[in-house]
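I opened the coordinates to look up two things: the protein surface by the DNA, and the sheet with its helices. My notes follow in the order in which I checked them.

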Amino acid sequence: MDITLFKRRSDYEWEIEPTGGMRVPGVIYASEALVREMDHKVYEQTVNVAALPGIVQASYAMPDAHWGYGFPIGGVAAFDPDEGGVVSAGGVGFDISCGVRCLHTGLTADDIRGVQKLLADTLYVRIPAGVGSTGRVHLNREEMDAMLTGGAKWAVDRGYGTAADLDRTEEHGQMRDARAANVSDRAKKRQQDEMGTLGSGNHYLEVQEVREIYDAKAAAAFGLKPGDAVVSIHCGSRGLGHQIGTEFLKKMAIAAGTYGIALPDRELACAPIHSPVGEEYLGAMRAGINCALANRQILTHLVRGVFADVLPQARLPLLYDVSHNTCKVEEHVVDGKPRRLFVHRKGATRAFGPGHPDVPEPLRAVGQPVLIGGSMGTGSYVLVGTKEAEARSFSSACHGAGRAMSRHQAYRTWKGRQVIDELAGRGILIRSPSSRGVAEEAPGAYKDVGAVVDAADAAGLARKVARLEPLVCVKG
DNA sequence: ATGTTC
């Protein structure tokens, strides 16, 4: 990307001054090197979002931003319903409430290495992964609606996990104001056999080792120390979320015309927050959030079952569960005044700072855990929310490494077998139903996640706490 | 991301 397009606010904050139809500035948080590496489409899309009605403060892009459908992936935008603000399905993303949860194990990485192959094989057999994978949980109409309303709480009520898990999940595991009736029969049908499944693409389940601690106080509060083994799960709302996104993009394209909203890009289809379509989407999207929360909760139960058999001394309490594809109603201070805003985070993680009432009490003094998934070879990070991010990004941070190479290019560059062998040589066991998927997810196809989290840290969006490296990875 | 193009 051409760096001269930006006004440099600091080494990690790059402003696009408002011109043309832009109602607010664009702001990209990244190092100069990351901005230069970004696709020019990130610039265009950040500019386009800034032109939407009711946008507040700025159109933001996180350090891992890349080209998405309409909104950039790694985009954050907040809208005020009282100023004509809109909600956009493309501003949430197709995989509604895709996110990451991290579980302690009470074990060390050495404990894992003793049974690493057995653990990898058992996880692979018991955790359904891949395109169209189905699970053991099958929902009739009544249970589907209960799940869409109840989220992770629904799952816990049916024996998949414990009440303590809910204390460590955003929204306490149950998104309010979800409307199962707003979710189409087709979306429900696609999901009826897909609960407790990982899906495909960049979704994964990993057993990881805590390799480095950057913030001793936060790490202690999070219960992380070097050599600890943890389990991270990255997945979302599967076919249901995708179907909701697809249907509402069409409805919003029509609604935008009806309400006379000038769209700089057709993909930015949106509707006023308080319009019938806007409210219908919000109810369905919240049901999609509950689907993703329930899905990760059932997967957690499956993982605990595997550990009970392979490493029965293990205990797997939840550290935290974050979603990085959402639109949520939050109170934020803008120009000294608190306002109720609809915050879209698409490929961006909520990152509440210390003292925020929505951070679980045992963690509140240090801030919300921010879980960042990396690639199979380079590992992942745990960060913590900061006070500064409130003013900088509506308390948001990056969500992952971001692709540096298209899936197709990665498929042409690597063979799945080659990636698996190379990682095995470094002590990382990969299990996947798709050799092509592994090639597409080769570590070399991703940006350097370390550079991304360093930029997030330096920009004050969140602070680095720990780095995790994979021992076992089940890929979809 | 996605019953990998309704």
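How many nonpolar, polar and charged residues does the surface near DNA strand B have? I sorted them by class and got 2 nonpolar, 7 polar and 6 charged residues. I note here that the model is predicted.

**Entry: the DNA surface**

I listed the 15 residues around DNA strand B; Arg190, Ser200, Gly201, Asn202 and Arg238 come nearest. On the DNA side, I found that sugar and phosphate make up 45% of the strand B atoms that come within 4 Å of the protein.

I then assigned the surface to secondary structure. Helix H7 (185–191) and helix H9 (238–258) each supply at least two of its residues. H9 gives the largest share, 3 residues.

**Entry: phosphate oxygens**

I looked up polar side-chain atoms beside the phosphates of DNA strand B. For serine 200, I read 2.6 Å between a side-chain N or O atom and a phosphate oxygen. For arginine 238, a polar side-chain atom is 2.8 Å from a phosphate oxygen of the strand. Glutamate 194 also appears, with a polar side-chain atom 3.1 Å from a phosphate oxygen.

**Entry: the sheet**

I traced an open sheet of 7 strands with mixed pairing, in the order E1-E2-E3-E4-E5-E13-E12. Its edges are strand E1 (7–10) and strand E12 (325–334), each of which pairs on one side only. From one strand to the next, the twist averages 25 degrees.

In which sense do E12 and strand E13 (residues 337–346) pair, and over how many bridges? I found the antiparallel sense, over 10 bridges. Valine 334 has lysine 337 in E13 as its bridge partner, and valine 333 has proline 338. E12 and E13 form a hairpin with 2 residues between them. In that turn, aspartate 335 has a positive phi of about 50 degrees.

I checked E13 against E5 as well: this pair is antiparallel over 5 bridges. Here glycine 75 has lysine 346 in E13 as its bridge partner.

**Entry: helices across the sheet**

I looked up which strands helix H2 (residues 40–49) lies across: strand E2 (13–16), strand E3 (26–29), strand E4 (55–66) and strand E5 (73–79). H2 runs at about 160 degrees to E4. Helix H10 (residues 276–310) lies across E12 and E13. I read its angle to E12 as about 110 degrees.

Terms used
Residues are numbered from 1 along each chain as its sequence is written. Chains are lettered from A and ligands numbered from 1 in the order in which they are written. This is a predicted model: local features need pLDDT of at least 70, side-chain atom pairs count only at pLDDT 80 or more; totals for chains, interfaces and linings use all residues. Side-chain values use heavy atoms; hydrogens and water are left out. A residue is near a molecule or strand if one of its heavy atoms lies within 4 Å of it. A polar contact is a pair of N or O atoms within 3.5 Å; within protein, one must be able to donate a hydrogen and the other to accept it, and residues adjacent in sequence count only if both atoms are side-chain atoms. Helices (H or I, at least four residues) and strands (E, at least two) are DSSP runs, numbered from the N terminus. Ala, Val, Leu, Ile, Met, Phe, Trp, Tyr, Cys and Pro count as nonpolar, Asp, Glu, Lys and Arg as charged, and the others, Gly among them, as polar. Two strands pair if DSSP finds at least two bridges between them. Axes are lines fitted to C-alpha atoms, for helices over the stretch in contact, and angles run from 0 to 180 degrees between N-to-C directions. Contact means heavy atoms within 4.5 Å.
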